[in-house]
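Me: I've got a model open and a pile of labels to go with it. Can you take me through why each label applies?

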Amino acid sequence: MLAIIGAIIVLACVAGGFVLSHGNLATLWQPYEVLIICGAAFGAFVISNPGKVIKGAFSGMLGLLKGSRYGKKDYLQLLGLMYDIFAKARKEGMMSVEEHIEDPAASSLFGKYPQILKDHHAMDFICDYLRIIVGGNMNPFELENLMDVELETHHHEAEQPAQAITRVSDALPGFGIVAAVLGIVITMGSLDQPPDVIGAHVAAALVGTFLGILLAYGFVGPAATALEHQVADEAKYLQCIKVCLLATLNGYSPQIAVEFGRKSLFSTERPGFSELESFLKDNKTA
């Protein structure tokens with residue numbers, strides 16, 4: 001939603017300022033310039049990126065319309081799941097959670113949190129490391145190093161679509177100049193025409209430069225930055241899981257282990273201590 005609002009603000013301010021300066025919006029509509037700039041930028045994007053990055057970029061851009069997936073309610077659900085798993089393991093032993101992590105879709109523990117079940121990255125991360133903990137073959141330091149390697153790899157992979165879109169943003173002003181130069185070529189071939197015709201050709205050429213810069217700094221560049229924020233949000237979500245798992249592996253009680261996870265969150269998404277405690281009590285009695 002914020003992406004749509006921001007785009008409307010950009011368009012309203014640019015178009016509004018142009019009209020207030022006695023400009024005619026119709027002169028900005030140059031479909032051939034749009035074809036040259038956007039088509040060339042998309043072609044360069046396809047040339048420079050593998051299929052998985054192209055697919056990730058498009059899905060990420062669509063995801064911007066939904067906003068961040070990780071808010072306070074999502075973290076309450078996550079911490080509630082972590083607490084339930086740790087409480088069961090503490091009461092019945094770590095082997096008691098094995099059947100739940102082998103088939104999470106049929107698990108009564110995971111079934112209480114359908115939103116987390118839909119997040120395959122989080123589910124893989126939770127289940128994989130619970131399997132290792134159940135096996136009991138790694139100490140906390142070794143497990144933390146393994147987690148860090150996986151998180152670094154995942155973060156690098158998740159950043160690739162945003163970096164690819166950033167490079168498109170960097171190239172758009174150049175493609176705007178390409179469109180402008182082609183417009184000047186057309187103008188030079190029309191020097192025998194009346195001044196109003198030549199002026200129209202020059203205006204169309206300048207629109208190419210204008211569109212390249214506007215698309216780069218008004219839309220594509222900000223979209224890439226927004227994607228980077230989404231990647232950071234997902235990284236924080238996985239880091240919260242990591243902190244909780246390491247805390248329970250170090251022998252802390254379920255309540256303290258999820259408190260470790262809560263403390264790792266940004267202040268804007270972090271539930272309060274009493275808020276989390278109330279949620280855990282209500283969830284336990286539900």
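Reply: Happy to, starting with a definition: the expected span of a helix is 1.5 Å times one less than its number of residues. Keep in mind that this is a predicted model.

Me: What makes the span of helix α1 close to the expected one?

Reply: Helix α1 covers residues 2-20, which is 19 residues. From first C-alpha to last it reaches 26 Å, and the expected figure is 27 Å, so the two are close.

Me: What is there to say about phi just after α1?

Reply: His22 follows α1 there, with a positive phi of about 70°. Most residues other than glycine have a negative phi. His22 has a positive value and is a residue other than glycine.

Me: Where does His22 lie, and why is His22 called exposed?

Reply: His22 is in the loop between α1 and α2. Exposed means over 50% relative accessible area, and His22 comes in at 77%, so the label fits.

Me: How many aromatic pairs are there in the whole structure?

Reply: A search of the whole structure turns up seven. One to look at is Phe42 with Phe45: the ring centres are 6.5 Å apart and the planes sit at 35°.

Me: Why is the pair of Phe42 and Phe45 called tilted?

Reply: Planes under 30 degrees apart would count as stacked and over 60 as edge-to-face, with the rest tilted. The angle for Phe42 and Phe45 is 35°, so that pair is tilted.

Me: Where do Phe42 and Phe45 lie?

Reply: Both are in helix α2 (residues 31-48), three residues apart, which is about one turn of the helix. Together with Phe58, they form one aromatic cluster.

Me: Phe42 and Phe45: how do you know which is buried and which is partly exposed?

Reply: Buried means under 20% relative accessible area, and partly exposed runs from there up to the exposed cut-off of 50%. Phe45 has 7%, so Phe45 is buried. Phe42 has 44%, so Phe42 is partly exposed.

Me: What makes Lys236 count as lying over the face of Phe266?

Reply: NZ of Lys has to be within 6 Å of the ring centre and within 35 degrees of the ring normal. For Lys236 and Phe266 the distance is 4.7 Å, and Lys236 is listed as lying over the face of the ring.

Me: Why are α10 and α11 called roughly antiparallel?

Reply: Angles over 145 degrees get that name. The axes of α10 (residues 195-249) and α11 (residues 254-263) cross at roughly 150°, so α10 and α11 are roughly antiparallel. Those axes come within 8 Å, and the crossing is right-handed.

Me: And what makes α4 and α11 roughly antiparallel?

Reply: The reasoning runs along similar lines. The axes of α4 (residues 72-92) and α11 cross at roughly 150° and come within 9 Å, so α4 and α11 are roughly antiparallel to each other. α4 passes α11 in a right-handed crossing.

Me: Where is Gly272, and why is Gly272 called partly exposed?

Reply: Gly272 sits in the loop between α11 and α12. Its relative accessible area is 29%, which falls between 20% and 50%, so Gly272 is partly exposed.

Me: Last one: why does Val178 count as partly exposed?

Reply: Val178, in helix α9 (residues 140-188), has 41% relative accessibility, so it counts as partly exposed. The C-alpha atoms of Val178 and Leu76 are separated by 51 Å.

Note on methods:
Residues are numbered from 1 along each chain as its sequence is written. This is a predicted model: local features need pLDDT of at least 70, side-chain atom pairs count only at pLDDT 80 or more; totals for chains, interfaces and linings use all residues. Side-chain values use heavy atoms; hydrogens and water are left out. Helices (H or I, at least four residues) and strands (E, at least two) are DSSP runs, numbered from the N terminus. Rings of Phe, Tyr and Trp (its six-membered ring) pair if their centres lie within 6.5 Å; planes under 30 degrees apart count as stacked, over 60 as edge-to-face and the rest as tilted. Buried means under 20% relative accessible area, exposed over 50%, partly exposed in between (1.4 Å probe, protein chains only). Axes are lines fitted to C-alpha atoms, for helices over the stretch in contact, and angles run from 0 to 180 degrees between N-to-C directions. Angles under 35 degrees count as roughly parallel, over 145 as roughly antiparallel, 65 to 115 as roughly perpendicular and the rest as oblique. A crossing is left-handed if the near helix is turned anticlockwise from the far one by less than a right angle, and right-handed if clockwise.
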